[in-house]
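Open the model in your viewer and keep the selection tool at hand. Each stop says what to pick and what is there.

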Amino acid sequence: MTASLSAPTSRAAWLERWLSQLPEPSGPLAAVQQRGRQALSQLPVPSSRVEEWRFTDLALLQDLPLTQAAGTSATAAASSDAVGLCLQLDGSTDPLAGVALPAGVQLLSESELAQGLGHTLAATGCHDHWPVELNHASAGRVLALRVSSRCKLRLELHSSVSTGLLPLRVLLVLEEKAELELCQKLEAHGSGLTSLVLEAHLARGARLDHGLVASGCSDAALLAHLAIEQEPESHVALTSVTAGWGLARLEPRLVQVDGQATSTLRGLQLVGGRQIADTHSHVLFAGPEGQLDQLHKAVAAGQGRSVFNGAVQVPRAAQRTNAAQLSRNLLLSDRARIDTKPELEIVADDVKCAHGATVSSLQTDELFYLQSRGIDAEQASGLLKRAFCEEVLRDLPAVARRWCPIEQWQLEDA
Amino acid sequence: MIRPDAPVLLEIRDLHARVEDKEILKGVNLTIRAGEVHAVMGRNGSGKSTLSKVLAGHPAYTVTGGSVHYRGENLLDLDPEKRARIGVFLGFQYPVEIPGVSNLEFLRVATNARRTEQGHEELDTFAFEDLVRERLKVVQMDPAFLDRSVNEGFSGGEKKRNEILQMALLEPLVAILDETDSGLDIDALRIVAAGVNQLATAENATLLITHYQRLLDAITPDYVHVMAAGRILRTGGKELALELEERGYDWVDQELAALAGEVA
């Protein structure tokens, strides 16, 4: 992928064109669309000249069809029962049409939406973030739900696009001690861009278990922002899996507003061919006694490129923070590339912050052990690759785990 | 059990091998017939473990001369997996931990690879569970180990029992057990040895590689070979092991020095 770089100050012609072809702002997000377009017309397209985007130049988006996807194929019928909701998000139709909401779940009102939308994005430092503004500029719908205090909900969100732009916007508010298991599936089957901006606000003692499985194809791009705000005693477990995208940029951004919360991040990204997968995570402890347990894994084959940047901010207020971050990478080819970097900013003095990174190829001794039991080399390396991925996959909620046919994800060797 | 008319399973002739630039095996000769139990003893660095790895086909070792035939077939031409499928088994001195690969799945895939080679049908999950539960008894192993990752977090004794369990499932014709006694306490040694004895038949053969006599108290060898400087220096019956235990290995050095003198 060769990118034609625009100078940081000049606006890209393709983006100008795209902006000019957007329909007039309308609907509940009209004001947001207006602001997003305004921002995009001023912000430079992220390019490798900017540190944050050093390895992932978005100029290549210009080669993708970015007119809004017309029809998406349903991968599961919308349904609901006493504790669960299964919805299709296609960016244009109402995902809740004809669906009865279970007890304890409400749609946010217009005024609540006006107040809540963008709050967590701001709290997690997404101001003027280009991919977020792209979503703002184009998303016409938002799924905005509140889970009532002490209620439990299972929510499945399905999105599948064949070609074009699919902007998805989700806002979730979890009241005190509410529990949400969110399984989200993103699929792309052709050339285009999936843009996801999800905000979640967890009140005291709330719990979010989010499994995100995104499987794309080589001419599809994914830009996903997961902004999560945690009050004390809340728990977040976010497990993400991306595979097959020509370009995937995932930005989980968490803030523990008063510390004393628990965050568990698990990430797995698979690249082959000439694919790029880039995870930039950001965790801010704005109060004391917060906990983070983060494991990010990548498998890079062919000429694939995997990028991980794990930012953890521990300011003076965040005493007795306990954070651990580990990046483990499997390099399957001489021409694949792994870039991994912890980015710890620690000001508080009474904290535990561990981090580590490993990059390795398949272990000769492990391969030989399997071969010495009659398992052929190809099957042995398949078993080892699956084993490497399993450490993340096993933390997905059961429904999302079934969406990962890891046996079918072909990881080409060099 | 020595039967001169029993078929030859393994025939090693003047085997030379090196790892990186270092020559380790310098002309090993050994013939193993069905029904026999052989023990190879010797000091650290004498080439015992190298011999076992070369026979199993470890990629780090290069054969530089000589031949190995298994039931008439040139073993050195075959990939490690093929050697295993046709009935050559290596029990590892240090069994490898493989996090994330379930022990049960590993055992099933391995067993089916061997069965396919033998012209038997593959076992499905249920049939295999029945088989493995029966074979677990050979090494008195807790079925809970099946649900764990291969060797992950196993104690030294549990790893060795897992090796013998694999042997019980694969039913090799030549089992090479590389220091299977190392890291075992008395009870575990007794269990492992009983397992090996139970699996020995008139049709198969065992090659034990060990430092110590104590394994040979539990598994009686038909032949004991003393290895030094990459060769088999002397071959005898089980009394040779007792002699080694009594006299240590110093006499080996003297014999080697004498040999060197003759050559000079």
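Start with helices α6(A) and α7(A), where α6(A) passes α7(A) in a right-handed crossing (the near helix is turned clockwise from the far one by less than a right angle). Helices here are DSSP runs of H or I, at least four residues, numbered from the N terminus. This is a predicted model: local features need pLDDT of at least 70, side-chain atom pairs need 80 or more, and totals for chains, interfaces and linings use all residues. Residues are numbered from 1 along each chain as its sequence is written, chains are lettered from A in the order in which they are written, and side-chain values use heavy atoms, without hydrogens or water.

Select residues 364–371 of chain A for α6(A); its axis and that of α7(A) are 9 Å apart, at about 125 degrees (lines fitted to C-alpha atoms over the stretch in contact, angles from 0 to 180 degrees between N-to-C directions). The pair is therefore oblique (neither under 35, over 145, nor 65 to 115 degrees).

Now show Glu366(A), Leu367(A), Leu370(A) and Gln371(A) of α6(A). They meet α7(A) residues including Ala377(A) and Leu384(A).

Next, select residues 377–393 of chain A, which form α7(A). This helix gives eight residues, the largest share, to the largest nonpolar core. A core joins buried Ala, Val, Leu, Ile, Met, Phe, Trp, Tyr and Cys through side-chain atoms within 4.5 Å; buried means under 20% relative accessible area (1.4 Å probe, protein chains only).

Move to chain B. Of the core's 117 residues, Leu10(B) and Ile12(B) touch the most other members.

Technical notes. Buried < 20%, exposed > 50% of the residue type's maximum accessible area, 1.4 Å probe, protein only. Helix = DSSP H or I, 4+ residues; strand = E, 2+ residues; numbered from the N terminus. Contact = heavy atoms within 4.5 Å.
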